[in-house]
Amino acid sequence: MDCLFCKIINKEIPSQIVYEDNDILAFNDIAPKAPVHILIIPKKHISSHAELGEFDAELMGKIHMVINKIAREKGILESGYRVIINCGEDGGQEVKHLHFHLLGGKKLEINM
Ligand code: AMP
Ligand code: ZN
């Protein structure tokens with residue numbers, strides 16, 4: 001499949017991996033918008049948040065626990081952070097493989 005993030009999962013494209021298990025990969029965003037900017041993705045190809053099914057509930061819960069763990073390791077659990085999912089055209093999603101942005105390490109702007 002011609003999917004950038006599937007290629008990162010398969011190590012066909014290099015990335016700076018922050019966390020990996022059987023179901024989830026986390027790596028640094030190539031164009032960071034904050035001191036901490038990490039993308040957390042399911043290894044299963046799900047094209048967007050809109051494509052989630054009920055069987056993905058456990059996986060999505062696990063992703064949030066991984067985000068929490070990474071936030072702790074990066075030292076931003078106390079200072080705060082933001083988790084963003086862009087979905088579809090209006091949501092500004094560029095890569096069509098579901099991903100969670102974890103941003104922190106500075107006071108983030110409020111912008112819609
Ligand atoms: P989105 O706009 O939500 O689809 O976000 C896609 C994100 O992927 C952007 O923040 C990009 O900077 C990031 N990105 C694109 N290509 C790469 C790559 N090869 N490695 C890491 N991050 C990437
Ligand atoms: Zn994919």
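**Exercise 1. Place Lys-11 in the fold and describe its backbone.**

Step 1. Lys-11 sits in the loop between helix 1 (4-9) and strand 1 (17-20). Helices (H or I, at least four residues) and strands (E, at least two) are DSSP runs, numbered from the N terminus. This is a predicted model, where local features need pLDDT of at least 70, side-chain atom pairs count only at pLDDT 80 or more, and totals for chains, interfaces and linings use all residues. Residues are numbered from 1 along each chain as its sequence is written, chains are lettered from A and ligands numbered from 1 in the order in which they are written, and side-chain values use heavy atoms, with hydrogens and water left out.

Step 2. Look at phi. For Lys-11 the angle is near 65 degrees, a positive value in a residue other than glycine.

Step 3. Compare with the general rule. Most residues other than glycine have a negative phi.

**Exercise 2. Find the centre of the largest nonpolar core.**

Step 1. Recall the term. A nonpolar core is a set of buried Ala, Val, Leu, Ile, Met, Phe, Trp, Tyr and Cys residues joined through side-chain atoms within 4.5 Å. Buried means under 20% relative accessible area, exposed over 50%, partly exposed in between (1.4 Å probe, protein chains only).

Step 2. Pick the best-connected members. The largest core has 18 residues, and Ile-40 and Ile-70 touch the most other members.

Step 3. Trace the elements. Strand 2 (24-28), strand 3 (36-42), helix 2 (57-73) and strand 5 (100-104) each give two or more residues to this core. Helix 2 gives the most, with seven residues.

Step 4. Check for another core. A second, separate one has 10 residues, including Cys-6, Ile-8, Phe-27 and Ile-41.

**Exercise 3. Classify the aromatic pair.**

Step 1. Count. The structure holds one aromatic pair (ring centres of Phe, Tyr or Trp, its six-membered ring, within 6.5 Å; planes under 30 degrees apart are stacked, over 60 edge-to-face, the rest tilted).

Step 2. Apply the cut-offs. The ring centres of Phe-5 and Phe-27 are 5.4 Å apart and the planes are at 75 degrees, so the pair is edge-to-face.

Step 3. Locate both rings. Phe-5 is in helix 1 and Phe-27 in strand 2, so the pair ties together parts 22 residues apart in sequence.

Step 4. Check burial. Phe-5 is buried, at 5% relative accessible area. Phe-27 is buried too, at 3%.
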